[in-house]
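Reader: I should like a close look at a single part of this model. Please begin with one position and proceed outwards to its surroundings.

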Amino acid sequence: MLLTAAEAGRLIAARELSSVELTRACLERMRTVEGDVHAFVRVTDDLALSQAAEIDRRMAAGENLGPLAGVPIALKDILCTRGVPTTCCSRILENYVPPYDATVIQRLKQAGLVFLGKTNMDEFAMGSSTENSAFGPTHNPWDLARVPGGSSGGSAAALAALEAPLAIGTDTGGSIRQPAAFCGVTGLKPTYGRVSRYGLVAFASSLDQIGPMARDVRDCALLLQVLAGHDPLDSTSIAAAVPDYAAVLEDSVKDLRVGVPTEFFEYRGSRVSGEVEDAVRAAARVFEGLGAACDEVSTPHLQYVIPVYYIIAPAEASSNLARYDGVAYGHRTPRGAADVIELYEETREEGFGPEVKRRIMLGTYALSAGYYDAYYLKASQVRTLIRRDFEKAFENHDLLVAPVTPSLPFRLGEKTDDPVQMYISDVCTIAANMAGLPAISIPAGYADGLPIGLQIIGKPLDEATVLRAAYAFQQAADFHRLAPLDAPGRDGVRAVVAWERRGQR
Amino acid sequence: MRLSQQEVEHIALLSRLKLTDEERERMTTQLNDIMRFYEQLGELDTTDVEPTSHVIPMSNVLRADEARPSLPVDDVLENAPERAGDSFRVPRVVE
């Protein structure tokens, strides 16, 4: 049985376990499995051990710190972290060392979390498999020949491989939820604006959102508590009260009205795989068994999420990524450009990988003179229709349950030459970003030794209900307790658990 | 609508990306494949539908125009590919 972050925090506060001891165990586990998994692009062991020692010292001095003080965490390499290289897994930021902390990094420091390192990701968060990292792919701990999902694949894999009890991800079109599903862990994309984006390297600013990833719902709730809240440094941050998420987890779900949106199971004639559909339908029955009311609901404009997303996200990206010009920071071509335009072109040609270039090109085209109305404006209008579908569904439902991915984790290299196939794999997750809704992915079953995710989507700012339902599910079904060790016939990492529950050692 | 290699070259120029011949060729095929999706949006009549650019009500966030501490110049220039005194150095922009 594994130690959860909540239990670890409790033991550290009770001085039954030291933060240094737990941190050392995580670093040891990383040394054992990183050669196979490659979840991290940088391990910050000195920083981690000094943070851990500081927490132990403060605990010994009788300070009353938060519930996650002293608990190690893995950080996606997209959050500016003062003094620690922050690369977005791109050559163009390979040597960038931020002079400031993102707001979430500051919050994590204040809450006493211990930074194990920076996790691998698709370059600038553009991808669904972590294969677009400039520093090589991450492997799925359940089957090393398969992708961990993306773009927060490193964070999800670090959790699944038992290298860290907590992680941070970011989600623009599914980048927390899809890797959580592929790696059998729990990941929440909060409501757009719930968590400050200050210091998050921007990809698509109207869609990007930072969120917690963990091995169960309670840990996710505790981590969200640290991250959430208004920030004057982010003008899109929402000034709404943040409830006590852990306090409502155990409330009953029998009053909940749960919708199952038909269109999430079939996109333009191609149906999600049988294993995925079975797991999601079984999950709906679990909620019925807990007393919730379940019925089918329709969100017809889901059929348009792929083109809408692949216009809006690249359009915003082409603008956001204009800042990488080799002038103030990041890579600059060593070739000695004759003029400043050549400097830009050579620098960007050398610094960006193929997927990033593709999206910059798509976005530049969609925003260019003569095409703006046909593409960007049209996509923004269809985005309104997608939002309205959800508004209507939420008139008489509290939550929607749906697949996270149309299929089981695919093989490394399987979709890399075909961007269209890679894009379609995001079909079930994009809509929540389009409408700004909170959505969680939790393990809901296994097929062929590989995990299957369940998505629970809530009303704006209602993370509490999403977490409560997800928690109830995890109490009723034990899928989240499995580790890759339990996958027979798969060449995954062996789960020699470094941080067992102390009393059972 | 299909993009030609010349149009892709022009988009690359606007994007400040210098593509190799091979990249341009591959990019032309891939962009055209992806843009086939875009045609699906033509199935919908969106006359009079308000566009969504942001999901939350947006207004400018203002603060008092007062001087506040900022990052030290040396910290900021620490990441500069090339610096000259307290400035970023770039190739000549105006002749």
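Author: Ser425(A) counts as buried because its relative accessibility is 9% (buried means under 20% relative accessible area, exposed over 50%, and partly exposed in between, with a 1.4 Å probe and protein chains only). The model is predicted, so local features need pLDDT of at least 70 and side-chain atom pairs pLDDT 80 or more, whereas totals for chains, interfaces and linings use all residues. Residues are numbered from 1 along each chain as its sequence is written, chains are lettered from A and ligands numbered from 1 in the order written, and side-chain values use heavy atoms, without hydrogens or water.

Ser425(A) is placed in the loop that runs between helix H14 (419-424) and helix H15 (430-435) of chain A. Helices here are DSSP runs of H or I with at least four residues, numbered from the N terminus. The side chain of Ser425(A) reaches back to the backbone oxygen of Met422(A) at 2.6 Å; such a polar contact is a pair of N or O atoms within 3.5 Å, where within protein one must be able to donate a hydrogen and the other to accept it, and residues adjacent in sequence count only if both atoms are side-chain atoms. Beyond four places in sequence, Ser425(A) touches Ser128(A), Pro406(A) and Phe410(A), contact being heavy atoms within 4.5 Å. Val404(A) lies 21 residues away along the chain, with 9.5 Å between its C-alpha atom and that of Ser425(A).

Ser128(A), a contact of Ser425(A), leads to the largest cavity, since Gly127(A), Ser128(A), Ser175(A), Tyr309(A) and Asp426(A) are, of its 14 lining residues, those nearest its centre. A cavity is a set of points on a 1 Å grid over the protein atoms alone where a 1.4 Å probe fits but cannot get out, and lining residues have an atom within 4 Å of a point. This cavity holds about 80 Å³ of space, a volume being the space filled by probe spheres set on grid points joined across faces, edges and corners. Its lining comprises 4 nonpolar, 8 polar and 2 charged residues; Ala, Val, Leu, Ile, Met, Phe, Trp, Tyr, Cys and Pro count as nonpolar, Asp, Glu, Lys and Arg as charged, and the others, Gly among them, as polar.

There are 4 cavities of 30 Å³ or more. The second largest contains about 60 Å³, and Pro354(A), Lys357(A), Arg358(A), Glu23(B), Arg26(B), Met27(B) and Gln30(B) line it. At least two of these residues come from each of helix H12 (354-367) of chain A and helix H2 (21-38) of chain B, and H2(B) gives the most, with 4 residues. The lining of the second largest cavity has 2 nonpolar, 1 polar and 4 charged residues.

Elsewhere in chain A, Thr103(A) belongs to helix H4 (residues 103-110) and also counts as buried, because its relative accessibility is 9%. Its side chain joins that of Asp231(A) in a polar contact of 2.6 Å. Besides Asp231(A), Thr103(A) is in contact with Ser196(A), Tyr198(A) and Leu233(A), neighbours within four places being set aside.

Helix H5 (residues 153-160) of chain A is largely enclosed by the rest of the structure, because 8 of its 8 residues are buried. After H5(A) comes Leu162(A), with a positive phi near 65 degrees.

Methods
Helix = DSSP H or I, 4+ residues; strand = E, 2+ residues; numbered from the N terminus. 1 Å grid on protein atoms, 1.4 Å probe; cavity = no way out; pocket = protein on both sides within 12 Å on 5 of 7 lines; lining within 4 Å.
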